[in-house]
Amino acid sequence: MEKSLNWREFVITRLIKASGYSAILFVALIFFFLVREGIPTFKEVEASSLLNIRWYPIEGHFGILPLITGSLIVTIGAGLVAVPFGIGTAVYISEIAPRWMREILKPLVELLGGLPSVVLGFLGFLVLSPFLRVFLDLPTGLTALAGSLLLGGIAVPTVVSVAEDALDAVPRAYREGAWALGATRWQTIWRVTFPAARSGVLTAVMLGVGRAIGETMTVMMVTGNAPVLAVKLGSLFSPVRTMTATIAAEMGEVANGSTHYHVLFFIGMVLFLISLGVNIAASSVVFRAKKRAERILS
Amino acid sequence: MNRFIPLAITLLVLVFTVSCGPASSSAEAASDSSAAYIENKGSDTIVNLALAWAEKYQSDHPEIRISVTGGGSGTGIASLINGTVDLANASRKIKDEEIDEAKSNGIEAVEHIIARDAIAVIVSPENPVNELTLKQISDIYSGKISNWSEVGGEDRPIVRLSRETNSGTHVYFLETVLRLGSKEDKTLFSMDTLLLPSSEGIIAEVRQNPNAIGYDGLGYVPKDLKTIAIAEEEGGAYVLPSIPTVNDKSYPIARDLYMYTDGEPTGILKEYLDWILAPEAQQIVAELGFVPALLTPSPSP
């Protein structure tokens with residue numbers, strides 16, 4: 001009896017361990033594959049032409065700068081929409097809303113998170129971009145701004161649900177302590193609850209940004225996909241082409257093993273490194289914040 | 001050992017009935033049941049036409065299944081090269097590199113002209129511009145002309161719309177219009193040309209945006225958009241695209257549409273291609289707004 005229990009315990013712990021390690025394995029494998037397919041780029045295309053500003057792969061123009069800046073400007077715009085909006089919603093749901101309101105809002109936000117991005121892209125194409133063109137008097141509504149607004153909308157549910165969980169996890173005693181000291185509701189939220197949940201909120205922001213930078217279908221439909229270098233503020237109001245949309249639009253047609261194929265994988269590598277960078281930055285900030293919190297408590 | 005024999009027979013019979021079951025209803029397909037399935041993929045320009053053909057052909061020949069998908073000419077040809085389709089649709093000629101690549105995969109691409117198509121240049125009905133020369137369109141798309149007032153329209157910025165680079169229409173437009181058919185010309189699309197992933201995208205944007213100019217296969221242009229009349233040269237006649245103007249070559253942006261097979265087609269694939277070139281199927285071509293491939297007019301009875 002004892003023996004079989006041990007044996008079962010052994011199998012179960014190993015299985016759990018294996019599934020934990022498998023995440024590392026998969027990331028490593030994906031990266032290995034990207035590198036294997038992307039590295040030949042350096043042999044086939046000179047570094048100077050990769051840093052060119054012309055992306056026209058069918059005639060051998062492989063400048064990826066417009067794509068990188070396009071992705072960045074759309075993602076930053078999405079962040080500017082999703083972060084204040086998402087955190088505000090999370091604070092409202094967790095701290096201010098009455099119980100019945102909360103019961104309605106939470107599932108609604110989760111439902112929003114489940115909307116397929118292609119549906120949002122369709123709405124954006126037919127409703128949002130014509131509206132933006134008329135409202136802002138732009139030449140066309142298919143701009144980085146339209147992409148940012150929609151991606152912001154897509155990232156909001158992620159930000160809300162993670163940030164709300166973090167705020168919810170702050171012990172009730174913290175708030176009661178603040179109220180007992182005469183703090184107003186806003187002071188309690190801003191000075192006590194929010195800092196206590198900071199690492200969770202930061203994770204929420206990073207997950208939201210990660211969701212935005214990797215999103216493909218929506219941006220492909222609404223950003224116009226013109227590979228223009230987007231470095232000015234005005235670029236937000238003109239069409240851009242993102243890395244994800246480029247890979248999605250062009251991967252289907254390239255011949256296996258051609259230069260264009262390798263460059264697309266190289267773009268995938270760049271995308272991977274950017275999200276890795278964002279994640280590392282986030283976790284190092286969270287880690288430092290935790291350390292400091294521990295010092296204060298002790 | 002003996003007791004296995006009935007089992008083996010049962011199995012054999014089962015396998016036989018399963019493999020021949022659906023096909024046995026039709027006599028001609030029984031010889032090669034796997035070939036009763038035709039995989040057809042490629043050009044988005046052709047996809048509606050290919051679908052209409054496939055539907056008609058399948059209703060006449062219920063034993064044959066034809067699966068039609070789009071994705072662009074490049075996608076179709078790449079699939080033919082990789083050996084995953086029987087018929088690749090393309091709105092451009094296969095490139096030399098693609099022929100070589102196919103050969104190295106043991107595939108010999110054979111070309112069939114199945115219809116002709118005119119590329120219509122479209123603008124919003126609100127746009128007062130009715131006619132342009134080829135040179136003007138080339139200058140618009142290469143970025144030399146950026147305002148409608150330069151070609152006789154209102155003072156509005158021009159928003160250039162194009163299909164993605166994997167589209168055969170894109171390549172054809174680049175070679176025939178932007179470069180005016182010259183091989184040495186290395187003009188490219190202006191960098192701020194919007195590359196939309198579908199024909200529908202271009203039409204939807206042109207419909208609601210009076211700044212926009214787009215191009216698309218004539219078969220795709222709805223009635224509520226304005227088609228531009230085009231002159232080959234300054235001072236020449238401005239011609240609207242239609243079946244007669246494509247056939248008498250007075251409309252300058254028209255091209256052949258192709259299907260590619262691996263080697264000369266045989267069996268049901270040959271029957272299908274023969275049917276496509278017959279008058280019944282070419283009638284569908286005209287109904288969908290394309291131009292029938294029957295270049296020599298059929299003798300009138």
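## Chain A at a glance

Among contacts in chain A between residues at least 6 apart in sequence, 75% join residues at least 24 apart. That is a good place to start, and please keep in mind from here on that this is a predicted model. Chain A contains 13 helices and 2 strands. Of its 298 residues, 39% count as buried. If you draw a box along the principal axes, the C-alpha atoms of chain A fill roughly 70 × 65 × 35 Å.

## Two domains in chain A

The domain assignment splits chain A into domain 1, covering 2-38, and domain 2, covering 43-297. Taken over C-alpha atoms, the centres of domain 1 and domain 2 of chain A are separated by 30 Å.

The two domains of chain A do touch: 5 residues of domain 1 are in contact with 6 residues of domain 2. On the domain 1 side of this contact in chain A, 3 residues are nonpolar, 1 is polar and 1 is charged.

## A helix pair in chain A: α8 and α9

Now let us look at two helices of chain A, α8 (residues 172-180) and α9 (residues 185-196). Their axes lie 10 Å apart, and the helices pack at an angle of about 155°. Because angles over 145 degrees count as roughly antiparallel, α8(A) is roughly antiparallel to α9(A). The crossing in which α8(A) passes α9(A) is right-handed.

Which residues meet here? From α8(A) come A:Y174, A:R175, A:A178 and A:W179, and from α9(A) come A:T188, A:V192, A:T193 and A:A196. Sorted by class, the residues of this contact of α8(A) with α9(A) are 5 nonpolar, 2 polar and 1 charged.

## A buried residue in chain A: A:I154

To find A:I154, go to helix α7 of chain A, which covers residues 144-168. Is A:I154 buried or exposed? A:I154 has 24 other C-beta atoms within 10 Å, and since 20 or more are needed for a residue to count as buried, A:I154 is buried.

Leaving aside neighbours within four places in sequence, A:I154 is in contact with A:S117, A:L120, A:R211, A:A212, A:E215 and A:T218. A further pairing worth finding in the model is that of A:I154 with A:L112: they are 42 residues apart in sequence, while their C-alpha atoms are 7.9 Å apart in space.

## Chain B at a glance

Chain B has 10 helices and 12 strands. It is built from 301 residues, of which 43% count as buried. Looking at contacts in chain B with a separation of 6 or more, 69% are between residues 24 or more positions apart.

## A helix pair in chain B: α3 and α4

In chain B, α3(B) packs with helix α4 (residues 96-104) at an angle of about 25°, and the axes of the two are 9 Å apart. Angles under 35 degrees count as roughly parallel, so α3(B) and α4(B) are roughly parallel to each other.

On the α3(B) side of this contact you will find B:I77, B:L80 and B:I81, and they meet B:E98, B:E101 and B:A102 of α4(B). Together, the contact of α3(B) with α4(B) has 4 nonpolar and 2 charged residues, with no polar ones.

## A buried residue in chain B: B:A115

B:A115 sits in strand β4 of chain B, residues 109-123. How many other C-beta atoms lie within 10 Å of B:A115? There are 28, and because the cut-off for a buried residue is 20 or more, B:A115 is buried.

Neighbours within four places in sequence aside, the contacts of B:A115 are B:L49, B:L257, B:V285, B:F290, B:V291, B:P292 and B:A293. B:A115 and B:Y258 are 143 residues apart in sequence, and their C-alpha atoms are 7.3 Å apart in space.

## Where the chains touch

Finally, let us bring the two chains together. The contact takes 25 residues from chain A and 26 residues from chain B. On the chain B side, the elements giving two or more residues are α3 (73-81), β7 (194-196) and α7 (199-208). α3(B), the helix that packs with α4(B), gives the most to this side, with 4 residues. By class, the side of chain B that touches chain A has 12 nonpolar, 10 polar and 4 charged residues.

Methods: Residues numbered from 1 in each chain as written. Chains lettered and ligands numbered in written order. Predicted model: local features only at pLDDT ≥ 70, side-chain atom pairs only at ≥ 80, totals over all residues. Axes fitted to C-alpha atoms, helices over the stretch in contact; angles between N-to-C directions. Parallel < 35°, antiparallel > 145°, perpendicular 65-115°, else oblique. Left-handed = near helix turned anticlockwise from the far one by under 90°. Contact = placed C-beta atoms within 7 Å. Nonpolar A, V, L, I, M, F, W, Y, C, P; charged D, E, K, R; others polar. Domains from an automatic or database assignment. Buried ≥ 20, exposed ≤ 12 C-beta atoms within 10 Å, placed from the backbone.
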